[in-house]
Amino acid sequence: MATKKRSNFSAGSNSSRSSGSSGSSLIPWLGLAAIVILLDQVSKITITKLFAYAESMSVTSFFNLVLVYNKGAAFSFLAAESGWQRYVFTALGLIASAYIIYLLSRHSSQKLFCWALTLIMGGALGNVIDRLMYGHVIDFLDFHYQDIYHFPAFNLADSAICLGAALFILDELRRVKK
């Protein structure tokens with residue numbers, strides 16, 4: 001009888017530990033995503049307070065700060081459409097974030113994988129906030145090569161998404177090698 005009680009207690013303890021640990025180990029990743037969102041939103045608010053639309057300031061020979069709006073996705077994809085894209089990209093960002101939270105809860109011990117997903121989620125939600133509040137995404141980082149080529153303007157959320165995607169690829173390459 002004592003063994004059975006001990007066994008049940010142990011099983012209950014393990015199940016609560018595993019569900020508790022997945023929930024508690026999810027918190028740092030959500031905190032990191034919140035930091036990405038906060039940095040993104042503070043940078044966008046700052047740039048909108050300091051610049052008028054399309055105003056540019058040269059920082060280096062290859063980098064400008066500029067305030068522009070993007071109604072589309074990356075590289076202004078679908079920006080010229082009638083406005084439906086705002087809702088589609090908002091929904092995609094929210095659905096992707098929900099799925100990322102699910103993945104984080106299932107794989108919270110895989111650090112590089114979780115870093116990648118967290119950066120992607122934080123960036124996606126930073127841009128979702130812009131779409132919901134303003135109907136467009138605020139971009140302000142403008143890299144260029146002389147006057148020959150300007151990379152499309154982007155923001156910290158976009159940077160987090162790109163960094164997260166790079167980490168995701170690196171993590172997958174590491175898995176393939178094992």
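Biologist: From the N terminus on, how do the elements of the protein chain run?
Modeller: Keep in mind that this is a predicted model. The protein chain holds four helices and four strands. Reading from the N terminus, the order of those elements is α-β-β-α-α-β-β-α.

Biologist: In what order do the four strands form their open sheet?
Modeller: Strands of a sheet pair through backbone hydrogen bonds, either parallel or antiparallel. Here the pairing is antiparallel, and the order across the open sheet is β1-β2-β3-β4.

Biologist: Which are the edge strands?
Modeller: An edge strand here is one that pairs on one side only. In the sheet order β1-β2-β3-β4, that description fits β1 (56-58) and β4 (149-150).

Biologist: How many residues are in the hairpin connection that joins β1 to β2?
Modeller: β1 and β2 run antiparallel and are joined by three bridges. In that pairing, Ser58 sits opposite Asn64 in β2. The hairpin gets from β1 to β2 through four residues.

Biologist: Over how many bridges do β2 and β3 pair?
Modeller: You can pick out facing residues between these two strands: Asn64 stands opposite Asp142 in β3, and Tyr69 stands opposite Ile138 in β3. The pairing of β2 and β3 is antiparallel, and its count of bridges is six.

Biologist: Why is β2 said to be largely enclosed by the rest of the structure, and how many of its residues are buried?
Modeller: A residue is buried when its relative accessible area is under 20%. β2 is largely enclosed because that label fits most of its eight residues, namely six.

Biologist: And for the protein chain, what percentage of the 178 residues do buried residues make up?
Modeller: The accessible surface of the protein chain is about 10,900 Å², with 69% of it belonging to carbon and sulfur atoms. As for the buried share of the 178 residues, it comes to 35%.

Biologist: Among contacts between residues at least 6 apart in sequence, what percentage join residues at least 24 apart?
Modeller: One contact of this kind to look at is Ile101 with Leu26. Counting through the protein chain, with contacts taken between residues at least 6 apart, the share that joins residues at least 24 apart is 64%.

Biologist: Is Ser97 buried or exposed?
Modeller: Ser97 is part of helix α2. Beyond residues up to four places away in sequence, Ser97 touches Met121, Ala124 and Leu125. Its relative accessible area is 5%, and the cut-off is under 20%, so Ser97 is buried.

Biologist: How far apart in space are Ile101 and Trp29, C-alpha to C-alpha?
Modeller: Ile101 also belongs to helix α2, and at 33% relative accessibility it counts as partly exposed. Setting aside neighbours within four places, Ile101 contacts Leu26, Leu30 and Met121. Trp29 is 72 residues from Ile101 in sequence, yet the C-alpha to C-alpha spacing is 8.9 Å.

Biologist: What is phi of Ala54 near?
Modeller: Most residues other than glycine have a negative phi, and most peptide bonds are trans. Ala54 sits in the loop between α1 (2-50) and β1, and is partly exposed at 48% relative accessibility. Its phi is positive, near 70 degrees.

Biologist: Where does Gln146 lie?
Modeller: Gln146 has a positive phi too, near 45 degrees. With a relative accessible area of 47%, Gln146 is partly exposed. You'll find Gln146 in the loop between β3 and β4.

Biologist: Which residues that line the largest pocket are the closest to its centre?
Modeller: The largest pocket has a volume of about 630 Å³. Out of the 28 residues lining the largest pocket, the ones closest to its centre are Ala73, Ala74, Asn127, Asp158 and Ile161.

Biologist: By class, how many residues in the lining of the largest pocket are nonpolar?
Modeller: Among the elements that each supply at least two lining residues are β2 (63-70), α2 (84-106) and α3 (111-134). β3 (137-145) and α4 (156-177) also each supply at least two. The lining has three charged residues and six polar ones, while the nonpolar count is 19.

Methods. Residues numbered from 1 in each chain as written. Predicted model: local features only at pLDDT ≥ 70, side-chain atom pairs only at ≥ 80, totals over all residues. Heavy atoms only, no water. 1 Å grid on protein atoms, 1.4 Å probe; cavity = no way out; pocket = protein on both sides within 12 Å on 5 of 7 lines; lining within 4 Å. Points joined across faces, edges and corners; volume = space filled by probe spheres on them. Nonpolar A, V, L, I, M, F, W, Y, C, P; charged D, E, K, R; others polar. Buried < 20%, exposed > 50% of the residue type's maximum accessible area, 1.4 Å probe, protein only. Contact = heavy atoms within 4.5 Å. Areas by Shrake-Rupley, 256 points an atom, 1.4 Å probe, with all protein chains shown as cover. Pairing = 2+ DSSP bridges.
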